[in-house]
Amino acid sequence: MGCPCELRLFAASATIAQHAAATCISEAARFEQKYSRYLDSSVTSAINRSAGVAATPIDPETSGLLQYAGVCYEQSQGLFDITSGVLRQVWNKDRQTLPRQAELEEITRLVGWDKIHLTDSEVFLPEPGMEIDFGGVVKEYAADAIAMRVKSLGISSALVSLGGDIVTFGAQRAGAAWPIGIVHPIQKESAIATIYLKDMALATSGGYERYFELQGKRYSHLINPHTGWPVDSLLSVSVSAQQAVVAGSISSIALLYDRQEAIDWLDNSGCSYFAIDQDLSCYGNLGG
Amino acid sequence: MSYLTNMTRLLLFIIMLLLFSCQTVQPWQRGLLARPEMQLEPDRLQAKLHSQVYFSNEASSGDSEVAGAGCGCN
Amino acid sequence: MAQAAKPSPWMALTSAALTLPAFSASVPDQVEIGISTTAYRESDQNPQSVLVGSVQRYDININQFYLITPIGRDWGLALDLSHESMSGASPWGTVSVVGANTQLVMSGATIEEARNELSLGITRYFDTASLGFSVTRSEENDYNATAMAVNGEWDFNNRQSTLAAGLSYSTDSIEPSDALSFGRTLKQARRSASFSLAWTQVLNRASVLQSGFSVTQHNGYLSDPYKLRDIRPRQRLETAINFRYRRFMHRSDSSLHLDYRYYHDDFGIGSHTLRSAWYQNLTDQFQLIPSVRYYSQNQADFYVGGDDYGLPETVFQSSDYRLSGFGAVTFGLQGRFSQRDWSVSVNFERYLSAAGYGLNASRAEHPGLLRFSLLSFGFDVKL
């Protein structure tokens with residue numbers, strides 16, 4: 001999945017534990033094979049190749065994820081848009097100069113979730129060059145799916161972590177919750193806060209590891225699909241919810257708002273969160 | 001008889017009004033409609049019970065769904 | 001239609017997330033089981049209205065069970081069982097006394113009687129359609145019935161519209177108890193055939209409307225053999241149209257249910273039924289559901305307030321309170337506690353009927369009009 005993954009669980013025997021671990025690895029690999037945009041054989045690549053040409057038939061899991069991405073698009077007033085990946089072609093660390101307005105206008109023509117034709121069984125991207133990217137939803141969903149699989153194997157307590165998105169169920173020894181440390185943005189070996197999870201998921205989105213510098217100024221890798229410009233986002237947002245996919249969407253959407261709007265949005269989201277801004281100030285009502 | 005015709009007209013008018021105000025609902029917007037309390041019949045056993053109780057005590061029947069066998073109760 | 005206030009992002013996203021395959025509990029991939037037990041108690045008659053016989057009406061205990069299970073990828077099976085045990089008395093007839101109210105002749109209180117019902121149905125699921133077949137058998141000591149039904153459903157407009165059609169046929173036989181002692185008919189039969197059509201339409205993301213109609217034809221012995229004087233036609237044609245509206249309210253996290261049915265048959269009976277229920281979510285797990293039902297029917301063409309033995313037996317007549325003109329109101333309150341896979345519910349209802357509640361009541365109220373209370377406990381689980 002292109003990021004560090006971890007599984008911790010308590011099982012009745014080593015055999016069950018190994019079986020569970022093997023199931024997790026193969027399930028994670030399945031998601032990778034199916035949704036990675038770097039693999040030609042993936043569903044993502046098949047859909048993107050047919051942009052402007054024909055509709056691609058999709059299975060219930062894919063159509064479910066796309067439908068879910070549609071709810072994220074609505075809930076974020078269009079900021080969270082899985083067609084906005086093409087903006088990477090304009091905003092990347094190989095650039096030397098700021099893009100001209102004409103360049104932005106041309107690329108934003110290929111962006112827009114509302115342009116997509118989606119039904120329960122197929123999806124069509126109307127303009128050649130349009131691309132969708134499942135990255136914003138599938139990693140967290142995979143964590144949920146893996147946790148549900150582990151649970152169905154009879155494991156009563158586990159922690160599943162895929163690149164910082166964590167799902168827990170059951171307790172550690174003696175009924176204690178799972179302690180999760182949130183990495184300090186500067187002192188990467190220490191935790192800026194510790195959060196305790198019991199039967200909850202925690203998703204963290206952060207821009208501090210992925211930014212680039214252009215003409216002396218730091219730009220986030222997150223682009224506002226309406227304007228085409230990078231967002232003046234928070235540094236890191238962690239959200240807890242019962243499903244990692246929900247927590248992940250809320251934290252991702254928060255990062256697409258400019259700083260104060262992001263805090264307001266998180267306060268009204270219905271979830272507990274922990275956020276750090278560019279000045280290392282902390283906000284939120286989540287543990288630690 | 002004209003009473004029935006007027007009733008039917010009124011009901012047809014209400015249906016038309018509701019149908020013309022229909023909005024296309026995208027697949028990803030259907031979450032609310034899937035909730036248990038939004039189902040036409042959220043409680044299977046309650047529905048059968050009511051059907052039986054009212055069939056035994058009133059003259060009417062016909063709810064376009066529950067088709068069970070009769071009973072000696074009517 | 002005005003747009004309702006928006007739900008919180010958490011609510012909208014969680015609602016959507018739960019329909020994803022990893023979380024899906026409502027897709028028919030699981031075995032679902034439910035049980036329910038109900039105490040049904042009819043109120044005693046006013047002693048002054050009873051000329052002869054018991055003042056008690058019926059007490060019925062009803063136990064129900066259902067099981068729904070997928071079979072393979074494309075098939076589903078549904079099993080329904082019901083056991084009722086009843087005791088009590090019912091009106092045999094009425095007596096008109098000059099210058100006074102009509103009075104009831106009641107049966108003596110009966111020994112325990114029971115009714116058992118079993119229903120089995122299989123459904124084949126296609127991509128946007130389904131086809132089902134079911135058989136139902138009901139048995140009690142004096143009455144047996146067997147029914148078969150076929151039904152189909154088709155989805156249109158990207159699943160925003162559904163057309164459902166059903167056809168059913170049943171044959172019933174009645175062998176009244178103590179027939180010789182009371183001069184009742186010995187053995188009779190009747191047949192019924194029914195057709196129904198329903199259209200369900202998604203109006204917007206928070207509301208749905210179903211419109212339907214059904215028509216049923218009965219042939220055979222339709223009279224009540226336990227009544228002292230009850231002679232009904234040997235056929236009956238019934239039609240009904242009904243509407244069911246469901247709407248979710250964001251601001252209050254609740255759902256409104258509104259049902260209406262208009263019924264008409266060639267016995268001359270027409271009726272209106274209006275039912276409303278309010279599903280109020282109090283917490284994530286607890287739901288309170290108040291409901292109210294209003295019913296009104298006019299009397300059958302051959303309804304008589306007091307039995308008249310002077311009428312020849314070729315003339316249709318019945319003094320059954322169920323064929324009189326009256327109205328009824330039901331008040332109900334249900335509480336439901338739900339977890340992810342199971343839920344428990346308690347339901348109480350009170351039914352009151354009176355000629356005065358009806359829109360087109362009989363001139364004289366039938367003394368046998370019913371009042372009852374009902375208390376149910378239910379449990380269902382997804383495995």
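A:Val160 touches A:Leu7, A:Cys24, A:Ala143, A:Ile146, A:Ala147, A:Val150, A:Ile166 and A:Val167, leaving out residues up to four places away in sequence. Two residues are in contact here if their C-beta atoms, placed from the backbone, lie within 7 Å. The model is predicted: local features need pLDDT of at least 70, side-chain atom pairs count only at pLDDT 80 or more, and totals for chains, interfaces and linings use all residues. Residues are numbered from 1 along each chain as its sequence is written, while chains are lettered from A and ligands numbered from 1 in the order in which they are written.

**Nonpolar cores**

A:Val160 is also one of the residues that touch the most other members of the largest nonpolar core, which has 91 residues; with it in that group are A:Tyr68, A:Ala247, A:Ile250 and A:Ala254. A nonpolar core is a set of buried Ala, Val, Leu, Ile, Met, Phe, Trp, Tyr and Cys residues joined through C-beta atoms within 7 Å. A residue is buried if 20 or more other C-beta atoms lie within 10 Å of its own, exposed if 12 or fewer, and partly exposed in between. Helix 5 (residues 135–152) of chain A gives the most to this core, with nine residues. Helices (H or I, at least four residues) and strands (E, at least two) are DSSP runs, numbered from the N terminus. The core lies between domain 1 (38–133) and domain 2 (177–284) of chain A, because both give residues to it. The domain bounds come from an automatic or database domain assignment. Apart from this core lies another, of 17 residues, including C:Ile62, C:Ala328, C:Ala361 and C:Phe372.

**Helix 1 of chain C**

Helix 3 (residues 60–75) of chain A and helix 1 (residues 9–17) of chain C have axes that come within 9 Å and cross at roughly 170°. Helix 3 of chain A is therefore roughly antiparallel to helix 1 of chain C, a term for angles over 145 degrees. The axes are lines fitted to C-alpha atoms over the stretch in contact, and angles run from 0 to 180 degrees between N-to-C directions. Chain A contributes A:Gln67, A:Tyr68, A:Val71, A:Cys72 and A:Gln75 to the contact, and chain C contributes C:Pro9, C:Ala12, C:Leu13, C:Ala16 and C:Ala17. By class, the residues of this contact are eight nonpolar, two polar and no charged. Ala, Val, Leu, Ile, Met, Phe, Trp, Tyr, Cys and Pro count as nonpolar, Asp, Glu, Lys and Arg as charged, and the others, Gly among them, as polar.

Helix 1 of chain C is largely enclosed by the rest of the structure, because seven of its nine residues are buried. The buried residues are C:Pro9, C:Trp10, C:Ala12, C:Leu13, C:Thr14, C:Ala16 and C:Ala17. Their cover includes helix 3, strand 12 (236–241) and helix 6 (244–255) of chain A.

**Chains B and C**

Chain B has two helices and zero strands, and 43% of its 74 residues are buried. Chain C has two helices and 21 strands, and 38% of its 383 residues are buried. Among contacts in chain C between residues at least 6 apart in sequence, 57% join residues at least 24 apart.

The interface of these chains brings 38 residues of chain B into contact with 70 residues of chain C. On the chain B side, helix 1 (2–20) and helix 2 (44–57) are the elements that give two or more residues. Helix 2 of chain B supplies the largest share, seven residues. This side of chain B divides into 19 nonpolar, 13 polar and six charged residues.

**Individual loop and strand residues**

Phi is positive at A:Gln77, near 55°, although the residue is not glycine. C:Asp178, also not a glycine, has a positive phi of about 50°. The table gives the exposure of four residues.

| Residue | C-beta neighbours within 10 Å | Exposure |
|---|---|---|
| A:Gln77 | 12 | exposed |
| C:Asp178 | 10 | exposed |
| A:Ala11 | 19 | partly exposed |
| C:Ile231 | 17 | partly exposed |

A:Gln77 sits in the loop between helix 3 and helix 4 (101–108) of chain A. C:Asp178 belongs to the loop between strand 10 (161–174) and helix 2 (179–182) of chain C.

A:Ala11 is in the loop between strand 1 (5–10) and helix 1 (14–35) of chain A. The C-alpha atoms of A:Ala11 and A:Ile155 are 5.6 Å apart, with their positions 144 residues apart in sequence counted as separation.

C:Ile231 lies in strand 13 (residues 230–231) of chain C. Its C-alpha atom is 8.0 Å from that of C:Thr314, 83 residues apart along the chain.

Key
Angles under 35 degrees count as roughly parallel, over 145 as roughly antiparallel, 65 to 115 as roughly perpendicular and the rest as oblique.
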